[in-house]
Amino acid sequence: MPPIPGSGLAKGLAVTLRTMTKKTVTEQYPDAQPELPPRTRGVIGLFEENCTVCMLCARECPDWCIYIDSHKETVPAATPGGRDRSRNVLDRFAIDFSLCMYCGICIEVCPFDALFWSPEFEYSETDIRDLTHERDKLREWMWTVPAPPALDPGAEEPKELTAARKTADKMAARQEVAQATERHADEQARAAERPTRPMGDSKQQTDQPRTDHPRPDRNQPYPSPKPDRPEQEGRE
Amino acid sequence: MNDVLDVTLRLLIVFAVFLAFPLIVGQTEHKVMAHMQGRLGPMYAGGFHGWAQLVADGVKFAQKEDVVPADADRRIFQLAPAVALLPYLLVLLAIPIGPGEGAVGQVVDAGIFFVLAVMGVGVLGSLMAGWASANKFSLLGGLRTAAQLLAYELPMLLTAASVAMAAGTVSLVGILDAFEWWWLPWQIVGAIVFFVAGLAELQRPPFDMPVADSEIIFGAYTEYTGLRFALFLLAEYAGIVVLCGLTTVLFLGGWHGPRGADGLGWVWTLLKTAVLAFVVIWLRVTYPRLREDQLQRLSWTLLVPLSLAQIALTGIVKVVIQ
Amino acid sequence: MTSAATLGHLAADSTTAAAESQGFLSPTGVEVAFLLVGLVTFGAAVVTVTTRQLVHAALWLVVALGGLAVEYLLLTAEFIAWVQVLIYVGAVVVLILFGLMLTRAPIGRSPDADSGNRWAALTVAVAAAAALVWVVVDAFRTTWIDLDGPAAGSTAVTGASLFQNWVLPFEALSVLLLAALVGAIVLSRRAKANHVTEAGRPTGPNGSGKDGVR
């Protein structure tokens, strides 16, 4: 059946009229904060405790925008008669965000999960030199990093958790034998678990289906030494 | 003395309408167009949903430098905005919004002719602007304006004549006095042709070939800045008000309404005018711009035959019912 | 302009020949305005034919025609006045401007915008004006329009006199227009036929005749 003449014109009018009655997509940004998806590449946060100054991030950075200074310290032996250990201590960790192209390679290559994407994006400056942010600022941004999304229902347990549990089980078994050291082993197991993230390398999990309702665990900060984070309010 | 006061008052009211209504239409266009495109439109000026956006625009225009190109024909260049704007002010004088002497600026005996004649003069402003700017894009815009006017003036006149035939008078007030509700279906083709031709004469989208920004920048108004540019814009919106008011009066029965309470006729007129203004905006948002040849073909091969058919129909019905 | 002038005569014809008490020495406001507007119209008309700037000439023509419309208004011929504006200012001048812009419309003076036979033109113009003035004066002599009574040139009066007393000239004029229309069609059709036969190639640089014109 041939279309009625003018039906296309009417259809066009209907489309615009329908759009008018729908809610607009405009985000009134300065008045209302945008609702950003998880894994937004806003800024890079640094979790200093995990950094071993391996320099991988600085070396892999295509823009050479990461500056790291460090020195070596000697840690006295933990047990009497043991050998002194040496470790790297971070003196300076700075990222020049006027050079950074937000590729995220530094975060990918970090073997100890010291760098994270934060959705924070309001850090413009009037002087380009002020865009080089030092470690204290990077650390502040660390507290704005959202918790990783939950695993799929049938997902395999992350290997870090498996390893930690295995260690814990082993220790617990040993403690069965030696009851006196139980408390100590338990603490060790928890220590093995904390610095890593439960998802393992969750940056590769961006293709996870994003659920529209906020997940219950999203507001719970993962590594969060601070009890509360005021910047996070109103963002979610 | 009383007469002088009366005339002054009428002129003042028409002038106020002339200044206020185009701004209201413009603001509505901002908002309606935005929402039809899923946006919000102006939100800041004036505080509440950007109601004062056009006032702010006017202040901005007034502050801008008034530039006249070096090669331009100075006097004509400067005169053109006035020629474009003033006719619409004159037309507003003759449009009745309610029954009786009190609701029209000035009763004009040959109302239809007055209104159409003076509206045609307004286009002269665009022509003058296009020629005097010494700019090839302006000249092209002026040419397109002229071609468009020549093409669309005819169907507009013919459909207006159809209404005049139906009413047996060319006075706008007389037409409204003679109006019956069944004129609506009788003259519907004429109404559509009149409205479309009017849109084309105002160079409103989708008939905005003379100001097609992607081709000729802004047509005849390319070289204008500041207040003179604002006057051209004001002329466009005043033209919308006039066209909608005229269509209301000629085809939609003006102050007649289903609940035709005396004294509230002007509400009907304003309501119909507002709805038509909304349609003008709606059409602008919905349809893409017609190409120049499509524009001419629409007029000569569709609107002119339709208006002639409407005249024939009007004549037949008129003879039959007598 | 002839048709409008004829109509003007018609309107004036139907006025009341009254008021012998009118005198030249006590002009009313309307008469003064009539004279002033007439002067402006005359001046604009003179500038129209003497200026060397083509587009200015067309725009001065607008002033002259508009002045004429105002004169009609002052003579209570409202309908004629608006038709004058509609046809001459709104359509004819726009057409003239369109033609000027389409061909050539330089800003500034055009030295060649002059005719060698200006004296012949002036003679014809003066003769035509004299004939018109003589005819009008002879026809109306001391007839005065009663401004206070019902409008003598209203649409109804004009229509009645046009279609009762002056039907024949009116129809003759429309036949003239029809002839012009037919002539235009014939001219354009012949041009197209010539173009096609001369060109002989369907997709030349100018395309086929019809599209080339468009």
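In this predicted model, the charges of chain B offer a convenient starting point: there are 18 positive and 22 negative ones, and the mean positions of the two sets lie 7 Å apart.

The fold of chain B is built from twelve helices, with zero strands. Followed along the sequence, the pattern therefore reads α-α-α-α-α-α-α-α-α-α-α-α. The C-alpha trace extends over about 65 × 50 × 45 Å along its principal axes. A compact globule of 322 residues would be expected to have a radius of gyration near 20 Å, and because chain B comes out at 20 Å, the two agree.

Turning to the interior, 56% of the 322 residues of chain B count as buried. Among the contacts in chain B with a separation of 6 or more, 78% join residues that are 24 or more positions apart. On the outside, chain B exposes about 13,800 Å², and carbon and sulfur atoms supply 70% of that area.

Chain B also has a partner to introduce. Its contact with chain C involves 29 residues from chain B and 27 residues from chain C. About 2,400 Å² is buried between the two chains, with carbon and sulfur atoms giving 81% of this area. On the chain C side, the residues that lose the most area to chain B are Leu86(C), Met101(C) and Ile107(C), which together make up 28% of what that side buries.

Definitions and conventions. Residues numbered from 1 in each chain as written. Chains lettered and ligands numbered in written order. Predicted model: local features only at pLDDT ≥ 70, side-chain atom pairs only at ≥ 80, totals over all residues. Heavy atoms only, no water. Helix = DSSP H or I, 4+ residues; strand = E, 2+ residues; numbered from the N terminus. Rg over C-alpha atoms; globule rule 2.2 N^0.38 Å. Buried < 20%, exposed > 50% of the residue type's maximum accessible area, 1.4 Å probe, protein only. Contact = heavy atoms within 4.5 Å. Areas by Shrake-Rupley, 256 points an atom, 1.4 Å probe, with all protein chains shown as cover. Lys, Arg positive; Asp, Glu negative; His and termini not counted. Charge placed at Lys NZ, Arg CZ, Asp CG, Glu CD. Buried area = accessible area lost by both parts, 1.4 Å probe.
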